[in-house]
Each structure stands twice: as structure tokens, then as C-alpha cells.
Amino acid sequence: MGLNDEVGRRLKQLRQADGLSLSELARRSGVGKGTLSELETGRRNPTLETLYALTTALGRPLSAVLDDPSPGIAAGTAGVSGSAVTAVLLERYEDESAATDVFRITIAEGAPQESAAHVPHTTESLMVLSGTAVVGLPGAPQTAGPGGHAHWPADTPHVYGAPDGEVQGVLFVRYPKSPSSSG
């Protein structure tokens, strides 16, 4: 089963488990009903921005719709891409208070990517492996180079940029647990 099919299957399962119609999830997420239908049937390639909009509307972490990470996953494995960021899920860790998704990311040189707000109290932390990243809140971005890191609230719009060349890093996204996020 390919990424599109698997993401679509999981989206549909989560939507139905929450008792939501296509129209209601489309309304809550701001994603068109036709786009959502095509995603659920595996006929459309999901973008990072669209998946975050849908999983946020469902109150779930991004990893809820991605393939389970494989042991020994290699960098360069196909991931999900946004306008500037490509992310490959490496691991998902859960405890009583939160779920943490760990991604290997590439930030392409050039225009920054703005990410919409995630569920309340979500945070992100980036450890930079190579390049110089400009990340965080649009009005107060942080710069981190190789071996450096940045941490910001992700329950508000935030940005990723690589003004001086491609950036490689490891991104931790920590989502608080809520009654609807188990699963």
C-alpha cells in the first residue's frame, strides 16, 4: 500500500471514529471537501500543510495518519512535503501526558514555509544537523546552525526557513494528550 492510500485510509478511519462527515471535517480544517474525498481514496498526494490542517482539526498528531516508522529507517526515505519542508516520521513516543513525533526533516533553501497552528499546547524543537535554520514564531524567529537547536510553541502559526542553503535536522513535535487523541 502506497503513502497516499495509507494516509487516506487512516484519515477516513479517524474521521469516522469521531463521527464526522466529510463536510464537517472539511469545514473544521479549511480543506475542500473534494480534496478531502480524493485524499481518503488515495487519489491525491497530501501536502504537509494539508495533513497538519486535517490532523489538527481531528485533535490528533500528524503521525496518526502517517505510516508507522520502520526500524532503521534511512534518511532520504520518501516523506511528506510542504512548500519548503520534507518530513519523514522516524518514531512516535507516547506517555500519559503527551505524544511526541520525531521527524527527520529537510528544509529547502529559499522561501520560508509557514505552518498553521497545531492543537493547543503543542511545542516543536529542532536539532540542526547541517545548514542554518530560521524557525519559530514569525515575529521572533530563532536561528540555529549545526549542533544547535531551537524550541517554540507550535499552537500558533510558525515558520521554517533556510536562507543560506538546505538544512538537515531532527524535529520533535510534542502534542498534549486529550480524550480524543488516543488511538
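The following exercises, with worked solutions, concern a predicted model of one protein chain.

**Exercise 1.** Determine how many helices and strands the protein chain has, and which pattern they follow along the sequence.

*Solution.* Step 1: The count gives four helices and ten strands. Step 2: Read along the sequence, the pattern is α-α-α-α-β-β-β-β-β-β-β-β-β-β. Step 3: The radius of gyration is 16 Å, close to the 16 Å that the globule rule gives for 183 residues, so the protein chain is as compact as a globular protein of that length.

**Exercise 2.** Establish which strands stand at the edges of the open sheet of four strands, and why one side of each is left without a neighbour.

*Solution.* Step 1: The strand order in this open sheet is 4-9-6-7, and the pairing is antiparallel. Step 2: At the edges stand strand 4 (110–115) and strand 7 (140–144). Step 3: Each of these has a single partner strand, so one of its sides has no neighbour in the sheet. Step 4: From one strand to the next, the twist averages 20 degrees.

**Exercise 3.** Describe how strand 4 is joined to strand 9, and identify the bridge partner of Gly110.

*Solution.* Step 1: Strand 9 comprises residues 158–162 and runs antiparallel to strand 4. Step 2: The two strands are joined by four bridges. Step 3: Gly110 has Ala162 in strand 9 as its bridge partner.

**Exercise 4.** State what share of the residues is buried, taking buried as under 20% relative accessible area.

*Solution.* Step 1: The protein chain has 183 residues. Step 2: Of these, 42% count as buried. Step 3: The accessible surface comes to about 8,500 Å², and 53% of that surface belongs to carbon and sulfur atoms.

Conventions: Residues are numbered from 1 along each chain as its sequence is written. This is a predicted model: local features need pLDDT of at least 70, side-chain atom pairs count only at pLDDT 80 or more; totals for chains, interfaces and linings use all residues. Side-chain values use heavy atoms; hydrogens and water are left out. Two strands pair if DSSP finds at least two bridges between them. Axes are lines fitted to C-alpha atoms, for helices over the stretch in contact, and angles run from 0 to 180 degrees between N-to-C directions. The radius of gyration is taken over C-alpha atoms; the globule rule is 2.2 Å times the number of residues to the power 0.38. Buried means under 20% relative accessible area, exposed over 50%, partly exposed in between (1.4 Å probe, protein chains only). Accessible areas come from the Shrake-Rupley method with a 1.4 Å probe; for residues, only the protein chains shown count as cover.
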